[in-house]
Amino acid sequence: MPLTAADQRRVDEAEAEAEAAGSTKLLVRSPDDTEKLGSLTVMCLILNRTIGSGIYVTPAIVLRATNSVGISLLLWTFGAVFGLCGLLVWLELGLSIPKFQPQEEGAASIDGDGPLENVPRSGGEKNY
């Protein structure tokens, strides 16, 4: 979504202030749409970390503790379902940042033409 002229002016002023000699300000930019991670990418990264960290070490420990191949496979299946549930919860929490269209000062209602802005959830009620 392109910036408005006023927003672009504020970005340019912030960049100039951050680049000034002796400035201690750090300018942090949001990623553009091509750099953002999607749901599938996040899910694959979490599964990669989860599976990759224990797949080579724990099968022998689980098999030695259960003394049964069937029970150890059942435990691995239960662990996969439990991990998938945790993944889905974190995806829901991470992707539930609602967007709203801010009101102009003095406007009685939102006309739907304004830019969308992210609003972090307060944790109390659902804002979407």
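1. The second largest pocket in this predicted model encloses about 310 Å³ of space. Its lining is made up of 13 residues. Those nearest the pocket centre are Thr50, Ile51, Trp76, Gly79 and Ala80.

2. Two helices each supply at least two residues of that lining: α2 and α4, the latter spanning residues 69-94. The most comes from α4, which gives seven residues.

3. Ile51 deserves a separate remark. It sits in helix α2, residues 39-54, and is among the residues nearest the centre of the second largest pocket. Ile51 counts as partly exposed because its relative accessibility is 48%, which falls between the 20% and 50% limits.

4. Ile51 also belongs to a nonpolar surface patch of about 710 Å². The other members of the patch are Leu47, Ile55, Tyr56, Val57, Ile61 and Trp76. Ile51 and Trp76 therefore appear both in this patch and among the residues nearest the centre of the second largest pocket, with Ile51 exposed in part at 48%.

5. On the cysteines: how many disulfides does the model hold? The count is zero, where a disulfide would need a pair of cysteine sulfur atoms within 2.5 Å.

6. Are Cys44 and Cys85 buried, exposed or in between? Cys44 has a relative accessible area of 43%, so it is partly exposed. Cys85 is likewise partly exposed, because its relative accessible area is 45%. Buried would require under 20%, and exposed over 50%.

Definitions and conventions: Residues numbered from 1 in each chain as written. Predicted model: local features only at pLDDT ≥ 70, side-chain atom pairs only at ≥ 80, totals over all residues. Heavy atoms only, no water. Patch = residues over 30% accessible without salt bridge, like charges linked within 9 Å, V, L, I, M, F, W, Y side chains within 5 Å. Areas by Shrake-Rupley, 256 points an atom, 1.4 Å probe, with all protein chains shown as cover. Salt bridge = Lys/Arg side-chain N within 4 Å of Asp/Glu carboxyl O. Helix = DSSP H or I, 4+ residues; strand = E, 2+ residues; numbered from the N terminus. Buried < 20%, exposed > 50% of the residue type's maximum accessible area, 1.4 Å probe, protein only. 1 Å grid on protein atoms, 1.4 Å probe; cavity = no way out; pocket = protein on both sides within 12 Å on 5 of 7 lines; lining within 4 Å. Points joined across faces, edges and corners; volume = space filled by probe spheres on them.
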